[in-house]
Amino acid sequence: LLPYSPTQKTPLYGHCTDPQEFWVPLIEKAYAKLHKNYEILNGGKMSEALVDLTGMVTDKYDLRSPEMRAAIESGQFWKDLKKYISQGFLVGCANIIKDQDGKPEQGFGPKGILFNHTYSIQRLADCPDFNQANGGLQLVRIRNPWGSGQGEWGGPFCDEDEAWDDNKGLQQKLDYEFSPDGNWWMKFDDWRINYTKVYVTKVFPATWSLYGCGGEWSGNTAGGE
């Protein structure tokens with residue numbers, strides 16, 4: 001049995017864009033059963049979820065650390081991100097904000113990015129022919145897994161923003177259509193200000209050899225109890 005919305009005629013939680021496909025709610029159901037219920041899937045850590053779902057390795061980067069700030073300023077992290085995307089790795093980001101007690105805060109930034117909510121990075125684009133006076137444009141395409149609605153970017157290069165008019169031909173170059181679908185482009189400089197963490201799941205190609213060790217953490221200490 002799956003939670004279902006009789007008004008929207010769709011599964012209540014995750015569902016496929018194509019109504020004839022059914023794999024998303026089935027995976028979500030299995031993951032909810034593993035963790036006992038749907039409610040416990042709310043929140044959590046993207047790094048752990050991606051490891052569970054892929055069986056691969058996830059690295060986490062703190063954009064506020066001195067090492068990462070230096071890598072961003074030098075341009076090395078942009079090169080690293082492009083390499084990860086080209087290799088088919090799964091890349092996500094989040095703006096992690098906690099209160100004085102270390103608990104996640106509710107809310108969003110001045111341009112609409114939600115606190116403690118994970119977004120995926122779909123594409124990166126170097127556009128040296130645009131905004132040449134400032135060295136060209138570096139753009140990041142972001143997706144909100146909720147689709148359209150709350151948590152969308154409202155700054156430069158959001159849908160219908162005047163920045164597109166100031167850069168004639170850029171929309172066509174990126175093959176991008178304005179649509180309320182939870183996808184948008186933003187400048188890399190804006191991205192680095194509005195996000196604090198990056199998660200990279202390294203999905204290794206089938207040509208690589210893989211060796212895994214099965215195991216189980218059980219007993220009185222399982223799950224940290």
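The chain holds seven helices and eight strands. The model is a predicted one. Its C-alpha trace spans about 65 × 45 × 45 Å along the principal axes. Of the 225 residues, 36% count as buried. The accessible surface of the chain comes to about 14,700 Å². Carbon and sulfur atoms contribute 51% of that surface. Among contacts with a separation of 6 or more, 61% join residues 24 or more positions apart. Charged side chains number 23 positive and 30 negative. The centres of these two sets lie 4 Å apart.

Helix α1 was examined in detail. This helix covers residues 23-34, a run of 12 residues. At 1.5 Å a residue, α1 should span 16 Å. The C-alpha atoms at its ends are 17 Å apart, which agrees with that expectation. Three residues of α1 are buried: Pro25, Tyr31 and Ala32. Seen down the helix axis, the buried residues fall within an arc of 125°, so they line one face of α1. They pack against two elements, strand β2 (10-11) and helix α2 (46-54). The other side of α1 carries Trp23, Lys33 and Leu34, which are exposed. Just after the helix comes Lys36, whose phi is positive, at about 90°.

Backbone angles were considered next. Most residues other than glycine have a negative phi. Asn116 is not a glycine, yet its phi is positive, at about 55°. Asn116 sits in the loop between β4 (90-94) and β5 (118-127). Its relative accessible area is 27%, so Asn116 is partly exposed, a class that runs from 20% to 50%. Asn131 also has a positive phi, near 55°, and is likewise a residue other than glycine. The loop that holds Asn131 lies between β5 and β6 (137-143). At a relative accessible area of 33%, Asn131 is partly exposed.

Strand β4 includes Cys93. The relative accessibility of Cys93 is 0%, so this residue counts as buried. Cys93 has contacts with residues well beyond its own strand. Leaving aside residues up to four places away in sequence, Cys93 touches His117, Thr118, Tyr119, Ile121 and Ile142. It also touches Trp191, Tyr195, Lys197, Val198 and Tyr199. One of these partners, Tyr195, is 102 residues from Cys93 in sequence. In space, the C-alpha atoms of Cys93 and Tyr195 are 6.6 Å apart.

Asp80 belongs to helix α4, which covers residues 76-86. The relative accessible area of Asp80 is 18%; the cut-off for buried is under 20%, and therefore Asp80 is classed as buried. Asp80 and Asp190 are 110 residues apart along the chain. A distance of 18 Å separates their C-alpha atoms.

How values were computed: Residues are numbered from 1 along each chain as its sequence is written. This is a predicted model: local features need pLDDT of at least 70, side-chain atom pairs count only at pLDDT 80 or more; totals for chains, interfaces and linings use all residues. Side-chain values use heavy atoms; hydrogens and water are left out. Helices (H or I, at least four residues) and strands (E, at least two) are DSSP runs, numbered from the N terminus. The expected span of a helix is 1.5 Å times one less than its number of residues. Buried means under 20% relative accessible area, exposed over 50%, partly exposed in between (1.4 Å probe, protein chains only). The arc is that of the directions from the helix axis to the C-beta atoms. Contact means heavy atoms within 4.5 Å. Accessible areas come from the Shrake-Rupley method with a 1.4 Å probe; for residues, only the protein chains shown count as cover. Lys and Arg count as positive and Asp and Glu as negative; His and the chain ends are not counted. The place of a charge is taken as NZ of Lys, CZ of Arg, CG of Asp or CD of Glu.
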